[in-house]
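Hi everyone, thanks for making time this morning. Let me put the structure up on the screen so we can walk through it together.

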Amino acid sequence: MNIKTRLFLIRSQLIHSKGLSPKTKKITKNIIFLIIGIIIGLILSIPFIWMFWCAFQETTNDLYVIPPKVPNFFYYDNFKHFITDTPFLNQLKNTLIIVLSSMTLNIVASILVAYGFARFQAKGKKLLFGVLLSTMMLPWVVTMVPAYILFARFGMIGTEGFPYLPLVLPSIGGSAYNIFLLKQFIEGIPKELDEAARIDGCGSFRNLIQILLPNCLPIIATVVIFAFIGTWGDYVGPSIYILNTNDYTLALGLQFLKSQTMGAIDWPLVMAGCVVYAIPIIIVFVTCQKAYVRGAVGSAIK
């Protein structure tokens, strides 16, 4: 066999070859996406890694050493000092009061409103739902000043008994975004379940509690995560309405701790506080992660 014949055969094999198998292509594609995801995740987690890195340093000067000093991850004095020598427990109590009150009102109201839009017929329902969704277009800074004026005229700012009313009362009406997610999810549940429950003697409220809510657990977990993170991480609201330092939340307490230091800021102590502050958010998200993904994707598809 001469050289020309061999080249012709090789060229024919390359042209008629099937290339990689579908399974190999899928594995290669998944590996590429995994590598890209790891790289993006590492880039986005740099601030959190630096926060943990600083929290275990012994002094602030250790943060400015080049090359960076490897922290002692068995050094817990910063965390101990933050928990025992600062008003951490009082601020945690204040934060939990606001979070639990706001979450309860927000979730209950959002479920009831979404159930009404999804299952009941009324004139102007689509118009009202459009008006509700249009409120999502307004940034919170637009309503911040009018809301402050209203709460000031009602005498709710700086009250002695319960100074958190301006932070809790807006949750009574629910959240437009949460209502939208819940409505879309409820509409995806077959109405035959409602009809079967009605035949068995279930009223509207009992149908919601015993039939729909057990099927809405994924989207409820999503709403819980949104409500918890939004309330737990709120700094602007408490900084506007809370005047007494004894009523500070953890977000305000961290800022107050940083401003209390004379001269150089004790960054390891502040970063230890930030780590403690972030732990509940991490726990909630990790616990509800699978339900959160199912609820968000399910609502989007429906």
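I'll start with confidence, then go to the pocket, a proline and one arginine.

What you see is a predicted model. The protein chain has an average pLDDT of 83, and 88% of its residues reach at least 70. Among the elements, helix H5, residues 88–119, has the highest mean pLDDT at 92, while helix H1, residues 3–16, has the lowest at 56. Where pLDDT is low, the coordinates should not be read in detail.

Now the pocket. The largest one has a volume of about 1,300 Å³. It is lined by 35 residues, and those closest to its centre are Trp-140, Thr-143, Pro-170, Ser-171 and Asp-234. Which elements give two or more residues to that lining? They are H5, H7, H8, H9, H12 and H13. By residue type, the lining has 21 nonpolar residues, 13 polar ones and one charged.

Next, a backbone detail. Please find the loop between helix H3 (46–55) and helix H4 (77–85), where Pro-67 sits. The peptide bond leading from Ile-66 into Pro-67 is cis, with omega near 0 degrees.

Last, back to H5, which holds Arg-119. Is this arginine buried or exposed? Its relative accessible area is 13%, under the 20% cut-off, so Arg-119 counts as buried. Its side chain makes a polar contact of 2.5 Å with the side chain of Asp-194. A polar atom of the Arg-119 side chain also lies 3.2 Å from the backbone oxygen of Ile-186. Other residues that Arg-119 touches include Glu-187, Ile-189, Pro-190 and Leu-212.

That's my tour, and I'm happy to take questions.

Methods. Residues are numbered from 1 along each chain as its sequence is written. This is a predicted model: local features need pLDDT of at least 70, side-chain atom pairs count only at pLDDT 80 or more; totals for chains, interfaces and linings use all residues. Side-chain values use heavy atoms; hydrogens and water are left out. pLDDT is the predictor's confidence in each residue, from 0 to 100. Helices (H or I, at least four residues) and strands (E, at least two) are DSSP runs, numbered from the N terminus. On a 1 Å grid over the protein atoms alone, a cavity is a set of points where a 1.4 Å probe fits but cannot get out, and a pocket is an open set with protein on both sides within 12 Å along at least five of seven lines; lining residues have an atom within 4 Å of a point. Grid points are joined across faces, edges and corners, and a volume is the space filled by probe spheres set on the points. Ala, Val, Leu, Ile, Met, Phe, Trp, Tyr, Cys and Pro count as nonpolar, Asp, Glu, Lys and Arg as charged, and the others, Gly among them, as polar. Buried means under 20% relative accessible area, exposed over 50%, partly exposed in between (1.4 Å probe, protein chains only). A polar contact is a pair of N or O atoms within 3.5 Å; within protein, one must be able to donate a hydrogen and the other to accept it, and residues adjacent in sequence count only if both atoms are side-chain atoms. Contact means heavy atoms within 4.5 Å. Lists of a residue's contacts leave out its neighbours within four places in sequence.
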